[in-house]
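Biologist: I would like a close look at a single part of this model, the surroundings of the ligand, together with the strands and the loop that help me to find my way there. Please take it step by step and tell me what each statement rests on.

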Amino acid sequence: MSVKDLNDLNLNSSKVILRCDFNVPIKNGEIVDDGRIVASLPTIKRLLAADCSIVIIAHLGRPKGVVSAELSLAPVAKRLSKLLDTPVEFNGEIRGQSQDARALKAKQILLLENIRFEEAETSKDEKLREALAKELSTYGDLYIGDGFGAVHRKHASVYELAKLLPNAAGELVSAEIKVLERLTDQPARPYGVVLGGAKVSDKIAVISNLLNKVDLIAIGGGMVFTFLAAQGKEIGKSLVEPDLFQVVSELLERAQSLGVKILLPTDIFVGPEFSDQAVATLVSTDAIPSDQMGLDIGEKSAQEFAREIVKCKTVFWNGPMGVFEFANFSNGTKVIAQALTEVSGLSVVGGGDSASAVRQLGFKESSFGYISTGGGASLEYLEGKELPGLVALSQGRDA
Ligand code: AMP
């Protein structure tokens with residue numbers, strides 16, 4: 001599958017519909033981390049330089065068709081305008097904007113309200129999605145897909161809309177694909193993957209697919225306790241998904257027969273409750289007290305993971321090693337982030353929480369090979385799935 005890029009379109013003075021991912025964390029109306037807005041700038045600047053007018057469609061959170069003030073893109077419009085040093089029109093509307101959109105002059109930008117306020121955007125009913133896409137397609141003449149964080153979704157503005165107009169991927173999506181190709185197409189070895197985060201169910205498919213491709217998988221975060229419990233260990237009040245014991249046991253057996261090294265922590269920081277006030281106690285994974293929960297990988301384990309990671313020539317990391325949001329349980333994530341900065345080959349931080357973790361923990365973005373903007377999207381790519389948003393932007397699919 002070959003995804004088109006901006007060089008495949010004649011941009012000059014065009015009326016462009018641009019799909020971005022502005023799913024940024026917002027607290028009390030303030031944007032906490034504008035990484036995804038910053039990541040959209042190269043495409044927008046290129047379009048402005050080509051005298052395009054731009055209608056931006058983007059999402060924030062999961063409003064499920066219900067309008068809510070907290071998930072409005074109004075703060076994003078302001079931040080985008082500041083970053084570009086140019087006005088960004090925002091009127092809080094989605095539908096009925098055809099006339100206004102068409103009236104935009106060269107270099108003018110209109111940001112529509114959170115597209116997920118429209119139930120049809122994420123609807124399972126293809127007809128509803130198509131109807132929304134049809135209306136949105138009247139807002140411009142070209143479609144550029146640059147919302148990498150949503151390309152794994154079959155949503156109206158990601159999939160159906162793209163298919164209605166001449167289209168291509170924007171700079172961000174093109175860059176993300178290039179990195180993912182390096183991770184899948186003859187990656188330099190040893191190839192190590194570090195997985196963490198809350199739920200093992202989110203990562204089973206990627207682990208299963210990666211077993212055939214990698215040399216090492218290090219596992220931390222809340223998901224690790226399902227592995228430990230499946231091995232018969234006491235895990236106290238830690239997160240666990242008992243229905244997956246069988247599946248994870250099989251994965252461990254497959255790893256062994258394929259010669260893939262699986263690193264599980266041997267020590268754990270536990271706390272009495274899920275709280276930023278919880279006191280951290282370091283225990284062996286063979287001795288997790290029944291009234292405590294594991295909230296971070298232990299010091300010895302973090303060092304062991306780090307030692308193995310720095311030996312790799314390709315590393316992909318998705319999911320924090322512990323509850324990094326709580327200072328007492330952020331050590332594992334910090335040590336792993338530091339190890340990734342010391343990798344001599346390609347180190348990729350795979351989006352979502354891991355990306356905001358490295359920024360919140362004070363690491364410089366430039367210390368990593370690449371920080372993806374899409375956690376779910378990059379995992380699904382590595383699972384070997386076809387991503388609807390990329391299929392729609394592939395060769396032979398333009399109008
Ligand atoms: P995910 O979205 O699956 O990548 O999960 C990220 C979240 O997992 C973060 O907000 C972490 O706080 C959380 N997390 C990491 N380790 C643990 C743990 N041991 N127990 C509970 N939550 C955890």
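Modeller: Two strands are said to pair when DSSP finds at least two bridges between them, and strand 9 and strand 10 (residues 216-219) are joined by four, with both strands running parallel. Please bear in mind throughout that this is a predicted model. Within that pair, Val-194 stands opposite Ala-218 in strand 10. The two strands belong to an open sheet of six strands, whose order is 11-10-9-15-16-17 and whose pairing is parallel. At its edges lie strand 11 (261-263) and strand 17 (370-371), each of which pairs on one side only.

If you step back along the chain from strand 9 (191-195), you enter the loop that links it with helix 8 (171-184), and Pro-190 lies in that loop. The peptide bond that leads from Arg-189 to Pro-190 is cis, its omega being near 0°, which is worth noting when you inspect the backbone, because most peptide bonds are trans. In the division of the protein into domains, domain 2 covers 189-344, while domain 1 is made up of 6-173 together with 387-393. The centres of domain 1 and domain 2, taken over C-alpha atoms, are separated by 36 Å.

A second sheet, also open, consists of three strands in the order 13-12-14, and its pairing is antiparallel. Strand 13 (281-284) and strand 14 (293-297) form the edges, each pairing on one side only. Averaged over the sheet and with direction ignored, neighbouring strands are turned by 45° against each other. Strand 12 (residues 267-271) is joined to strand 13 by four bridges in the antiparallel sense, and Ile-268 is found opposite Val-283 in strand 13.

With these strands in view, we can turn to the ligand itself, which has 16 residues around it, and of these Ala-198, Gly-222, Gly-294, Glu-325 and Asp-353 come nearest. Sorted by class, this shell contains seven nonpolar, five polar and four charged residues.

Individual atom pairs can be described for three of the nearest residues. Through its backbone, Ala-198 places a polar atom 3.0 Å from an oxygen atom of the ligand. Gly-294 likewise uses a polar backbone atom, which is 3.0 Å from a nitrogen atom of the ligand. In the case of Glu-325 it is the side chain that takes part, with an N or O atom 2.5 Å from an oxygen atom of the ligand. Taken alone, the ligand exposes 510 Å², and the protein buries 82% of that area.

Conventions. Residues numbered from 1 in each chain as written. Predicted model: local features only at pLDDT ≥ 70, side-chain atom pairs only at ≥ 80, totals over all residues. Heavy atoms only, no water. Axes fitted to C-alpha atoms, helices over the stretch in contact; angles between N-to-C directions. Near = heavy atom within 4 Å. Polar contact = N/O pair within 3.5 Å; in protein donor to acceptor, adjacent residues only side chain to side chain. Areas by Shrake-Rupley, 256 points an atom, 1.4 Å probe, with all protein chains shown as cover. Nonpolar A, V, L, I, M, F, W, Y, C, P; charged D, E, K, R; others polar. Domains from an automatic or database assignment.
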